[in-house]
Amino acid sequence: MRLLIADDHPLFRLGLRAALEREGFAVVGEASDGEETVKLGLKLRPEAILLDIKMPKRDGISACRALREGGYAGLIAMVTTFHEPALVHQAATAGADAYWSKEMPPDELAHRLGRLQKGLEPRLRPPDLPELTPREKTVLRLLVQGLSTKEMAQELGLSPDTVKDHLERLYGKLSARNRVEALERARGLGFL
């Protein structure tokens, strides 16, 4: 299988290349940023692209979307240290086929890549995320700022009871019992 490795860390690219070439893969290119990934991916048309999420010039999710919009039909596997459900969701909706951890041993990565190519590995599906209303997003932003219920009410031009209702719905969607848990859960889901 012909591969393109896209990651902004040269040592990671070098190590991954060496490990995958030992497993029989042909690395036909390397990219250090999202823009370069899109250009090389569309030019070289490898069978698979291993793509990091956080990169300069263009992040991996945006690069994935641009590759798909440019007609790239090969496999795209996000290989990253970021595991927030919101990022997994964004990667899936951008057209990624897989979302794997950089902590995965190279032989397992090679195995799963081969299975993905043969259709034996399940394709990435967007995880279920709570849908926040615009008002709930605003309330969450005010929570981050540390505002009290009364201060939120003044900021939003609402009664404190209405703000409490919004907070309760927000807590319910985030499976949180209080402000601290709501903020932790929102961070974990990638909302903050």
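Colleague: Before we look at D33, what counts as a helix or a strand here?
Modeller: Helices are DSSP runs of H or I with at least four residues, strands are DSSP runs of E with at least two, and both are numbered from the N terminus. Please keep in mind throughout that this is a predicted model.

Colleague: Fine, so where does D33 lie?
Modeller: D33 is in the loop that runs between β2 and α2.

Colleague: And is D33 buried or exposed?
Modeller: D33 counts as buried because its relative accessibility is 8%, and the cut-off for buried is under 20%.

Colleague: What does the side chain of D33 do for E36?
Modeller: A polar atom of the D33 side chain lies 2.7 Å from the backbone nitrogen of E36. Leaving aside residues up to four places away in sequence, D33 also touches M55, P56 and K57.

Colleague: Let's follow M55, then: where is its place in the chain?
Modeller: M55 belongs to the loop between β3, residues 48–51, and α3, residues 60–69.

Colleague: Why is M55 called buried?
Modeller: M55 has a relative accessible area of 10%, and it is called buried because that value is under the 20% cut-off.

Colleague: Which residues does M55 touch?
Modeller: Not counting residues up to four places away in sequence, M55 touches A6, D7, D8, D33, G34, T37 and G60. P105, by contrast, is 50 residues from M55 in sequence, and the two C-alpha atoms are 22 Å apart.

Colleague: A6 is in that list, so what is its bridge partner in β2?
Modeller: The partner of A6 is A31. Taken as strands, β1 (residues 2–6) and β2 (residues 26–31) pair in the parallel sense, over five bridges. The chain gets from β1 to β2 by way of helix α1, residues 10–22, and this β-α-β crossover is right-handed.

Colleague: Back to K57, which D33 touches; what is its phi?
Modeller: Phi of K57 is near 70°, which is a positive value in a residue other than glycine. K57 has its place in the loop between β3 and α3, and it counts as exposed because its relative accessibility is 69%, where the cut-off is over 50%.

Colleague: And what about phi of R45?
Modeller: R45 is also not a glycine, and its phi is positive, near 50°. This residue lies in the loop between α2, residues 34–44, and β3, and with 38% relative accessibility it counts as partly exposed.

Colleague: New topic: what caps the N-terminal end of α3?
Modeller: D59 does, with a side-chain oxygen 2.9 Å from the backbone nitrogen of I61. Just after α3 comes G71, which takes a positive phi of about 95°.

Colleague: Which residues of α3 are buried, and what covers them?
Modeller: The buried residues of α3 are G60, I61, A63, C64, A66 and L67. Their cover includes α2 and β3, together with β4 (75–80) and α4 (85–94).

Colleague: Last one, on rings: how many aromatic pairs are there?
Modeller: The count is zero, with pairing taken as ring centres within 6.5 Å.

Colleague: Then which rings have a charged end sitting over them?
Modeller: The charged end of K54 sits over the ring of F82, 5.1 Å from the ring centre, and the charged end of K102 sits over the ring of F12, 4.5 Å from its centre.

Terms used. Residues numbered from 1 in each chain as written. Predicted model: local features only at pLDDT ≥ 70, side-chain atom pairs only at ≥ 80, totals over all residues. Heavy atoms only, no water. Phe/Tyr/Trp six-rings, centres within 6.5 Å; stacked < 30°, edge-to-face > 60°. Lys NZ or Arg CZ within 6 Å of the ring centre and 35° of its normal. Pairing = 2+ DSSP bridges. Right-handed = clockwise from strand over helix to strand, strands pointing away. Buried < 20%, exposed > 50% of the residue type's maximum accessible area, 1.4 Å probe, protein only. Contact = heavy atoms within 4.5 Å. Polar contact = N/O pair within 3.5 Å; in protein donor to acceptor, adjacent residues only side chain to side chain.
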